[in-house]
Amino acid sequence: MTWPSGSSRTVLTLLQLLLLYFACSEYVTVQASVHEYSGDRFVAKGGAFVVHGGSEGIYSSAPSHRNSTSLTDNGDSYIRFEKVKFRRGKELANFSSGLLHAIVFEVEDRETIGGSAYGGQRAVCCTADLAKLGVCSEGEIIHRPSTENPGWPKVFGVSFDLDEEVATLPSKSIEITKTGMYNVYFIHCDPKLKDLTVEGKSIWKNPSGYLPGRMAPLMNFYGFMSFAFVILGIFWFSQYARFWREVLPLQNCITIVIALGMFEMTLWYFEYAEFNETGIRPTGITMWAVTFGAVKRTVARLIMLMVSMGFGVVRPTLGGLTSKVIMLGATFFVASEVLELVENVGAISDLSGKARLFLVLPVAVLDAFFILWIFTSLSATLS
């Protein structure tokens, strides 16, 4: 069985790049609910200079759990800032600056940030026109108290003194008393602070641990699915051993899919459990879970395609289609693996990045091709 030489080289190159990514990532500590800022630069947006510090769903603190002895499962929900520093160049340290703000708000309160004069373009920083109206001080961030959530948004900051190159934000812990999607931004309004960077970290915690809000229910789900796969595996393997003389090749493939599903669900459960306990995502377990999942999805689709072609039912081999089927499976595996790695390995925010959109497209196209080929082959086989 041989592949076309050009296609073979393409797939092998992709696989080599994937393995290189694995090797390099094994030495990287990936943190999730611990959001690290490592020299992130401010970007001009709406007249302000902004760094996005994170977005996560957080459940409100649970007072009934205050007496828990666990450090993570104690019912507290908070966002804590630790060792957050703003750094400017030595050549820009010859003046004292305005406030550099950290702002925390729930998504329903987003309209309390910013304003506009006479219905014009909305601005985050107070403009001269707004200052004339007496609603704010020019050069400061515009924010109003929330009517739905008293005391929010939370805004605090620090400024540079003369000849000071580093300004340290006071350590602060903000308790979450309302379930919602929370955002953190670092903002300043001083155009003279060029190339300003932020360092440090913020720690986001839910009542039951460090898992972000959208991921918290998944730990129990994967625990349940692990148990379900164990029950399915026991039943399937008992029947497999009982009728081993009559097993078809396709049933061997189904056995592989069940085993892969069992390993995948178990790895995801332990990955989420460790992440929830420490706030740091275990890179090794995550990558193995992603790989088992990608292999399982690839094998499952190939089984469906081969059965629709009549393999193991009305024909003993796929003939000349074998290389094409393997090529499609290998391409789908690489695309699916890369998508899952980008989605699951890295700093966690409950908002997907733009890069993920481009990685979804190849997987969606390949899935559509699988579906089209399956139904076309099934129709030909039935005929």
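**Exercise 1. Backbone outliers**

Locate Asp163 in this predicted model, and work out whether Asp163 counts as buried or exposed.

*Solution.* Start with the position: Asp163 sits in the loop between β7 and β8 (166–168). Next, check the backbone: its phi is positive, about 65 degrees, although Asp163 is not a glycine. Most residues other than glycine have a negative phi, and most peptide bonds are trans. Finally, look at the accessibility: Asp163 has a relative accessibility of 58%, so it counts as exposed.

Now try the same steps on Lys83: which element holds this residue? Lys83 belongs to strand β5. Its phi is also positive, at about 55 degrees, and Lys83 is not a glycine either. With 67% relative accessibility, Lys83 counts as exposed.

One more backbone feature is worth finding: which two residues does a cis peptide bond join? They are Trp152 and Pro153, with omega about 0 degrees. Pro153 lies in the loop between α2 (128–132) and β7.

**Exercise 2. The open sheet**

Put the strands of the open sheet in order and identify its edges.

*Solution.* The sheet has 5 strands, in the order β3-β4-β10-β6-β7, and their pairing is antiparallel. At the edges are β3 (43–45) and β7, each of which pairs on one side only. From one strand to the next, the twist averages 35 degrees. To zoom in on one pairing, take β6 and β7: they are antiparallel over 6 bridges. Among the residues involved, His101 has Gly157 in β7 as its bridge partner.

**Exercise 3. The largest nonpolar core**

Find which members of the largest nonpolar core touch the most other members, and which strand gives the most residues to it.

*Solution.* The core has 28 residues, and those touching the most other members are Ile79, Phe81, Phe86, Leu169, Phe186 and Val198. Elements giving two or more residues to this core are β4 (48–58), β5 (78–87), β6 (99–106), β7 (154–159), β10 (180–188) and β11 (197–205). The most come from β5, with 4 residues.

Then follow one member, Phe81. Leaving aside residues up to four places away in sequence, Phe81 touches Val104, Phe156, Ser171, Lys172, Ile174, Val184, Phe186, Lys201 and Ser202. Apart from this core lies another, of 19 residues, including Leu250, Phe311, Val363 and Phe370. Rings give a further view: Tyr37, Phe42, Phe81, Phe86, Phe156 and Phe186 are linked into a cluster by ring pairs.

**Exercise 4. Annotated segments and a pair of tyrosine contacts**

Compare the record's "transmembrane region" entries with the model, then classify the ring pairs of Tyr222 with Trp268 and Tyr272.

*Solution.* The unreviewed UniProt entry lists residues 221–238, 250–270, 316–335 and 355–375 under this name. In the model, residues 221–238 are 100% helix and 0% strand, with end C-alpha atoms 26 Å apart. Residues 250–270 are likewise 100% helix and 0% strand, and their end C-alpha atoms are 31 Å apart.

Turning to the rings, the structure holds 16 aromatic pairs. Tyr222 and Trp268 are stacked, at 6.0 Å centre to centre and 20 degrees between the planes. Tyr222 is in helix α3 (residues 216–242) and Trp268 in helix α4 (residues 249–278), so this pair ties together parts 46 residues apart in sequence. Tyr222 and Trp268 are both buried.

For Tyr222 and Tyr272, the ring centres are 5.4 Å apart and the planes lie at 70 degrees, so the pair is edge-to-face. Tyr272 is in helix α4 and Tyr222 in helix α3, so the pair ties together parts 50 residues apart in sequence. As a last step, apply the cut-off for buried, under 20% relative accessible area: Tyr222 qualifies at 13%, and Tyr272 at 4%.

Definitions and conventions:
Residues are numbered from 1 along each chain as its sequence is written. This is a predicted model: local features need pLDDT of at least 70, side-chain atom pairs count only at pLDDT 80 or more; totals for chains, interfaces and linings use all residues. Side-chain values use heavy atoms; hydrogens and water are left out. A nonpolar core is a set of buried Ala, Val, Leu, Ile, Met, Phe, Trp, Tyr and Cys residues joined through side-chain atoms within 4.5 Å. Buried means under 20% relative accessible area, exposed over 50%, partly exposed in between (1.4 Å probe, protein chains only). Contact means heavy atoms within 4.5 Å. UniProt positions are given in the numbering used here, feature names are shortened, and annotations may be inferred rather than shown by experiment. Two strands pair if DSSP finds at least two bridges between them. Axes are lines fitted to C-alpha atoms, for helices over the stretch in contact, and angles run from 0 to 180 degrees between N-to-C directions. Rings of Phe, Tyr and Trp (its six-membered ring) pair if their centres lie within 6.5 Å; planes under 30 degrees apart count as stacked, over 60 as edge-to-face and the rest as tilted.
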